[in-house]
Each structure stands twice: as structure tokens, then as C-alpha cells.
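Me: I've got this one open on my screen and I'd like a close look at a single part, the sheet and whatever packs on it. Could you walk me through it in one go?

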Amino acid sequence: PPSLEGKTIGLVWNGKANGDIALRRAGELIQQRVPNVKLKFYSGALPTPTFILDQAKAEIDVAIGCTAD
């Protein structure tokens with residue numbers, strides 16, 4: 001979208017070590033810079049199960065995913 005203001009951002013973690021830390025930090029930084037942003041965290045696996053992706057698609061406007069080691 002042209003702006004993240006007022007949007008819900010999904011943080012999609014695949015369960016790899018420390019990826020959750022990186023995602024949560026990215027969310028914090030976005031919230032500091034963009035008004036009215038909401039965050040939703042999704043904990044998955046590798047690969048992320050379809051039902052989690054489907055839930056995220058229904059609930060969020062934008063997704064950030066990570067594959068950390």
C-alpha cells in the first residue's frame with residue numbers, strides 16, 4: 001500500500017531461532033514511525049502451515065516474514 005498508516009501488519013515467523021526477535025523488533029520500529037499501525041504475530045513452522053497463512057490473509061493488510069537461523 002502507499003502508506004502503512006492505519007494498517008494491520010502481520011509478523012509471520014517460521015519458527016527458526018531468533019526470527020521472532022527480529023520480527024518483533026521490526027514491528028516496534030514501524031510503530032515508532034507510522035501512526036495507528038497494529039501488529040499481529042503468527043507463529044508457524046517450516047513451511048508455515050496453510051491454515052496460518054489463510055488466517056493471516058484474512059486478518060492483515062501487509063505481511064513481514066522471516067527465515068532466520
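Reply: Start with Gly-10, whose bridge partner in S3 is Ala-63. That pair belongs to the link between S1 and S3, two strands that run parallel and are joined by 5 bridges. Bear in mind throughout that this is a predicted model.

Now step back to the whole sheet. It is an open one built from 3 strands, in the order S2-S1-S3, and the pairing is parallel. S2 and S3 sit at the edges with a single partner strand each, so one side of each has no neighbour in the sheet. On average, neighbouring strands here are turned by 20 degrees against each other, if you ignore direction. As for why strands line up at all, strands of a sheet pair through backbone hydrogen bonds, either parallel or antiparallel.

Next, the helices. H1 lies across S1, S2 and S3, and runs at about 165 degrees to S1. Helix H2, residues 50-59, packs on the sheet too, where it touches S1 and S2, and its direction makes about 170 degrees with that of S2.

H1 deserves a longer look. It covers residues 19-33, which is 15 residues, and spans 22 Å from first C-alpha to last, close to the 21 Å expected at 1.5 Å a residue. Its buried residues are Gly-19, Leu-23, Gly-27 and Ile-30. Look down the axis of H1 and these buried residues fall within an arc of 70 degrees, so they line one face of the helix. What do they pack against? The buried residues of H1 pack against strand S1 (8-13), strand S2 (38-43) and strand S3 (62-66). Over on the other side of H1, Ile-21 and Gln-32 are exposed. Ala-26 is also in H1, and with a relative accessible area of 25% it counts as partly exposed, since the cut-off for buried is under 20%. Ala-26 is 35 residues from Asp-61 in sequence, and the two C-alphas are 16 Å apart in space.

Now for the core. The largest nonpolar core has 9 residues: Ile-9, Leu-11, Trp-13, Leu-23, Ile-30, Val-34, Val-37, Val-62 and Cys-66. S1, H1 and S3 are the elements that give two or more residues to this core, and S1 gives the most, with 3 residues. Apart from this core lies another, of 5 residues, including Val-12, Ile-52, Ala-56 and Ile-60. For the wider background, nonpolar side chains tend to be buried together in soluble globular proteins.

Within the largest core, Trp-13 is worth clicking on. Leaving out residues up to four places away in sequence, Trp-13 touches Gly-19, Asp-20, Leu-23, Phe-41, Tyr-42, Ser-43, Gly-44, Ala-45, Thr-48 and Cys-66.

One of those contacts, Phe-41, takes you back to the sheet, because you will find Phe-41 in strand S2, where its 26% relative accessibility makes it partly exposed. Setting aside neighbours within four places in sequence, Phe-41 is in contact with Leu-11, Trp-13, Asp-20, Leu-23 and Arg-24. Phe-41 and Arg-24 are 17 residues apart in sequence, yet 8.1 Å apart in space, C-alpha to C-alpha.

Definitions and conventions
Residues numbered from 1 in each chain as written. Predicted model: local features only at pLDDT ≥ 70, side-chain atom pairs only at ≥ 80, totals over all residues. Heavy atoms only, no water. Helix = DSSP H or I, 4+ residues; strand = E, 2+ residues; numbered from the N terminus. Expected span 1.5 Å × (residues − 1). Buried < 20%, exposed > 50% of the residue type's maximum accessible area, 1.4 Å probe, protein only. Arc of directions from axis to C-beta. Contact = heavy atoms within 4.5 Å. Pairing = 2+ DSSP bridges. Axes fitted to C-alpha atoms, helices over the stretch in contact; angles between N-to-C directions. Core = buried A, V, L, I, M, F, W, Y, C linked by side-chain atoms within 4.5 Å.
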